[in-house]
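Student: I should like to learn how to read the packing of helices in a protein model. Where should one begin?

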Amino acid sequence: MDIKIIDFHTHPFDSDEYNICSHSAYSDMSFENTQRDLKKLGISRICGSVIAKRKEKTEWSDIRSLNDKALEMAKRYNGFYIPGFHVHPDFVRESCEEIERMSKLGVKLIGELVPYHHHWNDYSDKGFYEILDTAKSYNMVVSFHSMNEDSMDKMVNDNKDVTFVAAHPGEYKEFMRHLERMKMSENYHLDISGTGVFRHGMLRHAIDAVGVERILLGSDYPTCNPAMFVHAVVSDFLIKDYEKDYICSKNCERLLNIM
């Protein structure tokens, strides 16, 4: 079966400063080799934000720099990389202005947001809610790192009109909480990166519980091995061929309005 694959969840890099792989010395990783290696797996495009090594304190200039780096790499990759960008609840005005800037440039994806890299940890922060209101007004997709279950519940319940994509199914308890949020809001989606997808039947359970239209293939490359996630979908005999198409590309294309 010929399946189009878009990896919704990556963190592209062009130097060691931005490469967050724990075992990069053994992986022959580079800016150029990323496209070579991922295309070998059938991945035609990637999405996501640029992450740098953690600092003791986060300034807005750090956030803006990562976003500019994402735009730069998108140009260098010439269509292979769909950029995601960062916002921060400590910088509400700047974040809302960044959403406007990115929208004018045709960027539709916020995130993956990784709060522990940038010294914030509460998705129900009122400053973040203001940013989400702006994201909604610009039809942005908000991809975020899963953490603090109660905080995620409140964020989704209070912002049901915002299009969210949660990263990482997690183990059984976390996965079931994701499904409850998907029932709470039809605008809540899940990418399969990180732990959980290796549990046999997990994807079949998710499809049967909430439908296939809100599940996306993501790998969290370069942190995780993308081959695990590609084959978790394309080689899963519990999933029908048309469902694989939705998970691997169609859902991403619909959310980000790409072809």
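Tutor: We begin with a definition: a crossing of two helices is right-handed if the near helix is turned clockwise from the far one by less than a right angle, and left-handed if anticlockwise. Please keep in mind that this is a predicted model. Here, helix 1 passes helix 2 in a right-handed crossing.

Student: At what angle do the axes of helix 1 and helix 2 cross?

Tutor: They cross at roughly 60° and come within 11 Å. An angle between 35 and 65 degrees counts as oblique, and helix 1 and helix 2 are therefore oblique to each other.

Student: Which residues make the contact between helix 1 and helix 2?

Tutor: Helix 1 contributes Phe-31, Glu-32, Thr-34 and Gln-35, while helix 2 contributes Met-73, Arg-76 and Tyr-77.

Student: How should one read the two sides of a helix?

Tutor: The general idea is that an α-helix has 3.6 residues a turn, so residues three or four places apart point the same way. In helix 1, residues 31-40, the buried residues are Phe-31, Asn-33, Thr-34 and Leu-38. They cover an arc of only 145° around the axis, which puts them on the same side of helix 1. On the other side, Glu-32 and Lys-40 are exposed.

Student: Against which elements do the buried residues of helix 1 pack?

Tutor: They pack against strand 2 (43-48), helix 2 (60-77) and helix 8 (226-234). As for what follows helix 1, one finds Gly-42, whose phi is positive, near 90°.

Student: May we apply the same reading to another pair of helices?

Tutor: Certainly. Helix 4 (residues 126-137) and helix 5 (residues 149-158) pack at an angle of about 40°, and their axes lie 11 Å apart. That angle makes helix 4 oblique to helix 5. The crossing in which helix 4 passes helix 5 is right-handed. Phe-128, Tyr-129 and Leu-132 of helix 4 meet Lys-154, Met-155 and Asp-158 of helix 5.

Student: Which residues touch the most other members of the largest nonpolar core?

Tutor: One reads a core by asking which buried nonpolar side chains are joined to one another. Of the 67 residues in the largest one, Ile-110, Phe-128, Phe-144 and Phe-164 touch the most other members. Helix 2 supplies the largest share of this core, six residues. A second, separate core has 12 residues, including Phe-8, Cys-47, Ile-82 and Leu-256.

Student: Which residues does Ile-110 contact, leaving aside its neighbours within four places in sequence?

Tutor: Ile-110 is then in contact with Phe-85, Val-87, Ile-99, Ala-135, Met-140, Val-141, Val-142 and Ser-143.

How values were computed: Residues are numbered from 1 along each chain as its sequence is written. This is a predicted model: local features need pLDDT of at least 70, side-chain atom pairs count only at pLDDT 80 or more; totals for chains, interfaces and linings use all residues. Side-chain values use heavy atoms; hydrogens and water are left out. Buried means under 20% relative accessible area, exposed over 50%, partly exposed in between (1.4 Å probe, protein chains only). Helices (H or I, at least four residues) and strands (E, at least two) are DSSP runs, numbered from the N terminus. The arc is that of the directions from the helix axis to the C-beta atoms. Contact means heavy atoms within 4.5 Å. A nonpolar core is a set of buried Ala, Val, Leu, Ile, Met, Phe, Trp, Tyr and Cys residues joined through side-chain atoms within 4.5 Å. Axes are lines fitted to C-alpha atoms, for helices over the stretch in contact, and angles run from 0 to 180 degrees between N-to-C directions. Angles under 35 degrees count as roughly parallel, over 145 as roughly antiparallel, 65 to 115 as roughly perpendicular and the rest as oblique.
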